[in-house]
Amino acid sequence: GASYDYCEVSVQLPIGGGEPRFRLDYIIDTTRPAQDILNDMLATFGGYLIYAGNKIKLKIEQAETIAQYFGDGSTTDQNATFDPNNIVKDSFSWNMPSIDDRPNRLKIQWVDPDQNYVKVYTQVDDRIDQDDRGTVIVNEVSMLGITRQTQASRIAKLMMTKVKYSAVNVQFSSRLEAINCEVGDVIAVTHQSARYVRKLFRITDMFEAEDESIRFVCAE
């Protein structure tokens, strides 16, 4: 039969009223894959795992120090004092999801202990976007380790902000000798064609290309 364990963790980052910013209340079903369980737990406080070679690193959505600057050698007033040339020519591309795929309503499913631990929803809306597009596009996310409306609301607002303001993905190549970073690091990218000046991205993947360069995949 199934085996269950109970896990409660509080991350003591006080906010107004003195409550912990994040708290995990979670029943662990040991018949599920461990990675799925970890992803469920980490999502409740904006955490995630990065796999870099033989390392597994825990990351949390927060401001971080820039690990390295990348650029195409273009010079602007903003970056004239730091003008890297470590992006391989013609290797840079960028994309973002279609606006039709971008939700303007997010519903976070969580468990309410005040209602006999039934599953409930907390919802956030981008009403300006809904009015502009004349439609409501809903995305539902289940976070059953959350047992407080305040925490569910914070996570929902964070996710909505990322959807609206951090939707760009880039790819580019760099020479091996010009690399001082790894998967999970935050980098600053300057590129003339995309009109980026020290735009911040997180490295989500790195792999070696045939021309002895490293290909980067990064998310804004």
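How many nonpolar, polar and charged residues make up the lining of the largest pocket? The lining divides into 16 nonpolar, five polar and eight charged residues, where Ala, Val, Leu, Ile, Met, Phe, Trp, Tyr, Cys and Pro count as nonpolar, Asp, Glu, Lys and Arg as charged, and the others, Gly among them, as polar. This is a predicted model, in which local features need pLDDT of at least 70, side-chain atom pairs count only at pLDDT 80 or more, and totals for chains, interfaces and linings use all residues. Residues are numbered from 1 along each chain as its sequence is written, and side-chain values use heavy atoms, with hydrogens and water left out.

**Helix α3**

- Helix α3 (a DSSP run of H or I, at least four residues; strands are runs of E, at least two, and both are numbered from the N terminus) covers residues 149–165.
- Its buried residues (under 20% relative accessible area, 1.4 Å probe, protein chains only) are Gln 151, Ala 152, Ser 153, Ile 155, Ala 156 and Met 160.
- The buried residues of α3 pack against β2, α1, β7 and β8, with contact meaning heavy atoms within 4.5 Å.

**Nonpolar cores**

- The largest nonpolar core (buried Ala, Val, Leu, Ile, Met, Phe, Trp, Tyr and Cys residues joined through side-chain atoms within 4.5 Å) has 21 residues, and Phe 92, Phe 172 and Cys 218 are among those with the most contacts inside it.
- Strands β3, β10, β11, β12 and β13 each supply at least two residues of this core.
- A second, separate core of 16 residues includes Leu 49, Leu 106, Ile 155 and Ala 156.

Technical notes:
The expected span of a helix is 1.5 Å times one less than its number of residues. Buried means under 20% relative accessible area, exposed over 50%, partly exposed in between (1.4 Å probe, protein chains only).
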